[in-house]
Amino acid sequence: MSTKRLSVVVTRRLPADVEARMAELFDVRVVGSDKPLDRAALLAALQDADILVPTLTDTIDAPLLAGAGERLKLIANYGAGVDHIDVATARQRGILVSNTPGVLTEDTADMGLALMLAVLRRMTEGMAKMQDGVWEGWAPEALLGTRLGGKSLGILGMGRIGQAMARRARAFGMNIHYHNRRRLHAGLEEPLEATFHERLDALVGLSDVISVNCPHTPSTFHLLNARRLKLMKPTAVIVNTSRGEVIDENALTRMLRAGELAGAGLDVYERGHGVNPRLRELPNVVLLPHMGSATREARQEMGEKVLVNMQTFADGHRPPDQVVP
Ligand code: DGY
């Protein structure tokens with residue numbers, strides 16, 4: 001099938017090579033820029049599009065899908081997480097959804113480990129001293145952090161990224177515990193020397209570090225709510241490279257301010273909330289601007305996955321990374 005006739009709307013600038021290859025194959029309109037696209041512009045662009053290539057900054061909800069033109073048949077998301085897309089409504093309307101799993105696993109886990117190290121070893125506090133020119137030299141008791149080795153890492157969500165976190169943390173001598181909807185089969189669990197906890201409360205209570213690696217879905221929204229956060233050891237820290245909505249951010253902020261938790265490393269925040277200014281005031285909190293997959297390699301490979309999903313669809317088949325509700 002000639003793909004030239006298919007009209008494609010892309011909401012953000014993608015890596016140049018990906019855009020160029022897409023333009024060779026499809027009739028592409030990049031309606032966005034390096035800023036999130038506003039909803040009215042997206043809706044207007046969707047009137048005569050066959051394929052939409054959105055990112056996590058676009059909310060593809062039921063009203064938007066209802067307002068889109070009849071031709072829309074594929075949403076080829078540039079990204080792994082699809083919590084910004086109403087996949088069930090898309091399916092009801094006969095629109096397929098695909099994503100880009102697998103290619104950002106290692107880079108996101110690298111960032112999870114970096115956050116863990118940064119918080120436990122107080123790196124940003126040390127950096128601030130250097131940048132402010134107030135370092136008074138080495139001292140036996142200055143900026144003491146916590147050793148990773150021998151500590152328990154509780155991984156919430158043992159999919160690809162959770163497992164990649166486990167591999168890294170094992171190399172640092174941490175003990176791996178996890179909670180997941182389903183227990184991993186022995187072939188995966190044994191090499192990680194990971195202990196499964198059916199009860200999330202048990203995992204939360206024993207962990208020195210909690211790493212959030214599950215997707216945001218209706219059933220994981222505020223999984224770490226105020227009650228569960230209170231089960232954490234006061235010496236424990238929490239790291240989140242997945243989605244902000246999995247943690248009740250207000251409850252987390254209150255506990256960090258009250259000293260009921262030792263620290264947090266956050267790459268993601270609750271949607272629409274912006275970054276809570278009270279989190280910015282805390283020295284034991286490391287905040288990053290959603291950089292988990294921000295390597296040139298991952299962003300290129302995400303684009304390649306989008307292209308394969310689009311081409312496969314254009315050839316009359318289901319995209320290899322189809323997401324089902
Ligand atoms: C994704 O792909 O969902 C990531 O969060 C982007 O970094």
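Two strands count as paired here if DSSP finds at least two bridges between them. With that in hand, this predicted model gives seven strands in one open sheet with parallel pairing, in the order β8-β7-β6-β9-β10-β11-β12. Another open sheet, also paired in parallel, takes five strands in the order β2-β1-β3-β4-β5. Here's a quick tour, from the whole chain down to single residues.

**The overall picture**

- The secondary structure adds up to 13 helices and 12 strands.
- A compact globule of 325 residues would have a radius of gyration near 20 Å, and the protein comes in at 21 Å, so the two agree.
- Laid along its principal axes, the C-alpha trace covers about 70 × 50 × 30 Å.
- Of the 325 residues, 41% are buried.
- Take the contacts between residues at least 6 apart in sequence: 62% of them link residues at least 24 apart.

**The seven-stranded sheet**

- The order, once more, is β8-β7-β6-β9-β10-β11-β12, and the pairing is parallel. At the edges sit β8 (194–196) and β12 (285–287), each with pairing on one side only. From one strand to the next, the twist averages 20 degrees.
- β6 (residues 152–156) runs parallel to β7, and five bridges hold the pair in register. One place to look is Leu-153, whose bridge partner in β7 is Ile-176.
- β7 (residues 175–179) also pairs with β8, again in the parallel sense, over three bridges. Here Tyr-178 stands opposite Phe-196 of β8.
- β7 is largely enclosed by the rest of the structure, because four of its five residues are buried.
- When you look along any of these strands, keep the usual pattern in mind: in a regular strand, side chains alternate between the two faces of the sheet.

**The five-stranded sheet**

- In the order β2-β1-β3-β4-β5, this open sheet is parallel too. Its edge strands are β2 (27–30) and β5 (96–98), and each of them pairs on one side only. The twist averages 20 degrees between one strand and the next.
- Helix α13 packs on this sheet, where it touches β3, β4 (74–76) and β5; the helix direction makes about 160 degrees with that of β4.
- β1 (residues 7–10) and β3 (residues 51–53) run parallel and are joined by three bridges. Val-9 has Leu-52 of β3 as its bridge partner.

**Around the ligand**

- The residues surrounding the ligand are Leu-56, Gly-79, Ala-80, Gly-81, Leu-104, His-290, Gly-292 and Ser-293.
- By type, that shell splits into three nonpolar and five polar residues, with no charged ones.
- His-290, one of the shell residues, sits in the loop between β12 and α13 (296–314). Its phi is near 45 degrees, which is a positive value in a residue other than glycine.
- His-290 counts as partly exposed because it has 16 C-beta neighbours inside 10 Å, and the buried class takes 20 or more.

**Loop residues worth a look**

- Arg-122 lies in the loop between α5 (105–120) and α6 (123–132). Phi is positive for Arg-122 as well, near 55 degrees, and this is a residue other than glycine.
- Arg-122 has 20 C-beta neighbours inside 10 Å, so it counts as buried; the cut-off for that class is 20 or more.
- Thr-146 is placed in the loop between α6 and β6. It has 16 C-beta neighbours inside 10 Å and therefore counts as partly exposed.
- Thr-146 and Arg-121 are 25 residues apart in sequence, yet their C-alpha atoms are 6.1 Å apart in space.

**A helix residue with a sequence-distant partner**

- Leu-188 belongs to helix α8 (residues 186–192). With 13 other C-beta atoms within 10 Å, Leu-188 is partly exposed, since the exposed class stops at 12 or fewer.
- From C-alpha to C-alpha, Leu-188 and Gln-163 are 8.6 Å apart, with a separation of 25 residues in sequence.

Key: Residues are numbered from 1 along each chain as its sequence is written. This is a predicted model: local features need pLDDT of at least 70, side-chain atom pairs count only at pLDDT 80 or more; totals for chains, interfaces and linings use all residues. Helices (H or I, at least four residues) and strands (E, at least two) are DSSP runs, numbered from the N terminus. The radius of gyration is taken over C-alpha atoms; the globule rule is 2.2 Å times the number of residues to the power 0.38. Two residues are in contact if their C-beta atoms, placed from the backbone, lie within 7 Å. Axes are lines fitted to C-alpha atoms, for helices over the stretch in contact, and angles run from 0 to 180 degrees between N-to-C directions. A residue is near a molecule or strand if its C-beta atom, placed from the backbone, lies within 6 Å of it. Ala, Val, Leu, Ile, Met, Phe, Trp, Tyr, Cys and Pro count as nonpolar, Asp, Glu, Lys and Arg as charged, and the others, Gly among them, as polar.
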